[in-house]
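Here is a short tour of a few local features that may be worth a look before you set up any calculation. Have the viewer open and follow along.

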Amino acid sequence: FFSGGLTALTGVAVVLLVYHWSSRESEHDLLVHKAVAKWTAEEVVLWLEQLGPWASLYRDRFLAERVNGRLLLTLTEEEFSRAPYTIENSSHRRAILLELERVKALGVKPPQNLWEYKAVNPGRSLFLLYALKSSPRLGLLYLYLFDYTDTFLPFIHTICPLQEDSSGEDIITRLLDLREPTWKQWREFLVKYSFLPYQLIAEFAWDWLEVHYWTSRFLIVNAMLLSVLELFSFWRIWSRSELKTVPQRMWNHFWKVSTQGLFVAMFWPLIPQFVCNCLFYWALYFNPIINIDLVVKEVRRLETQVL
């Protein structure tokens, strides 16, 4: 039964791999590379709809006016509030203007989901995927030190949201305007960071279920499995009375991860994109299947020790 389950999961992973591989150059990815001044009216509407479900209310109005990229850059809040756009909801106008300011600053559409982020930052996305899998604490520390505004800030606001945040808004809308985290958010984050780092990843993936339906589920399952494997590792150290070796183990782990990261950074320009895609999708969809087998082996080993 277990082997059959693994085979079925592998089949699902292969299907998802082929699907995302074939669609990685979709029109959603193209906007993150195409200058906003060259957007067509249809591409402007695509950008608008990705701001959230509420944006579909204004789809026909933008299409009727044939708003292309050049015209979009000239629109102001006053023009949005009156005909022909008539965006009466002030929160909707503010969300559109905030995202429009980001587009003006970057010159292209900012990435708003995993696949767009991968299209813009292929090397960083691969590095983060493996770093958060093998060493979540160091991976999150890297985000804090070197990618605070673009990645860490949305991450902490997603997993440790403010109580006054509107629960009715979708995830993308909530992340359009982010403030510095409060002490309460930092306290909650640091507790989870210290004791349950993989839970942070699972919570983040959970909030993105509506955007990445199957991928988020793979990430959540993998985070749960990695948490169990980490718990088994701590149990082995405790049961063998090897607590004194923890500092040395931590240093060895830090050195190993740092060396691997430096090695990849040095040789990244020489690595074919095909190989990078293989590594990315392997870690995303196949690694949970491997971890299931590792958890089963750890359980059997524990049962053997007890008996």
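Let's begin with Arg70, which sits in helix H5 (residues 69-74). Please keep in mind that this model is predicted. Arg70 is exposed, because its relative accessibility is 61% and the cut-off for that class is over 50%. Leaving aside residues up to four places away in sequence, Arg70 touches Val36 and Ala37. Lys38 is 32 residues from Arg70 in sequence, yet their C-alpha atoms are 7.1 Å apart.

Lys118 in helix H8 (residues 114-120) is a buried residue, since its relative accessible area is 8% and buried means under 20%. Beyond four places in sequence, the contacts of Lys118 are Ser125, Gln273, Asn277, Phe280 and Tyr281.

Next, some backbone geometry. Most residues other than glycine have a negative phi, and most peptide bonds are trans. Two residues here that are not glycine have a positive phi, Arg66 and Ser241:

| Residue | Phi | Relative accessible area | Loop |
|---|---|---|---|
| Arg66 | near 50 degrees | 46%, partly exposed | between helix H4 (59-64) and H5 |
| Ser241 | about 55 degrees | 65%, exposed | between H15 and helix H16 (246-267) |

The peptide bond from Ala83 to Pro84 is cis, with omega near 10 degrees. Pro84 belongs to the loop that joins helix H6 (77-81) and helix H7 (90-106).

Finally, which residues of helix H14 (residues 197-207) are buried? They are Pro197, Tyr198, Leu200, Ile201, Ala202 and Ala205. These buried residues pack against helices H9 (122-134), H10 (136-146), H11 (148-159), H13 (183-195) and H15 (213-239).

How values were computed. Residues numbered from 1 in each chain as written. Predicted model: local features only at pLDDT ≥ 70, side-chain atom pairs only at ≥ 80, totals over all residues. Heavy atoms only, no water. Helix = DSSP H or I, 4+ residues; strand = E, 2+ residues; numbered from the N terminus. Buried < 20%, exposed > 50% of the residue type's maximum accessible area, 1.4 Å probe, protein only. Contact = heavy atoms within 4.5 Å.
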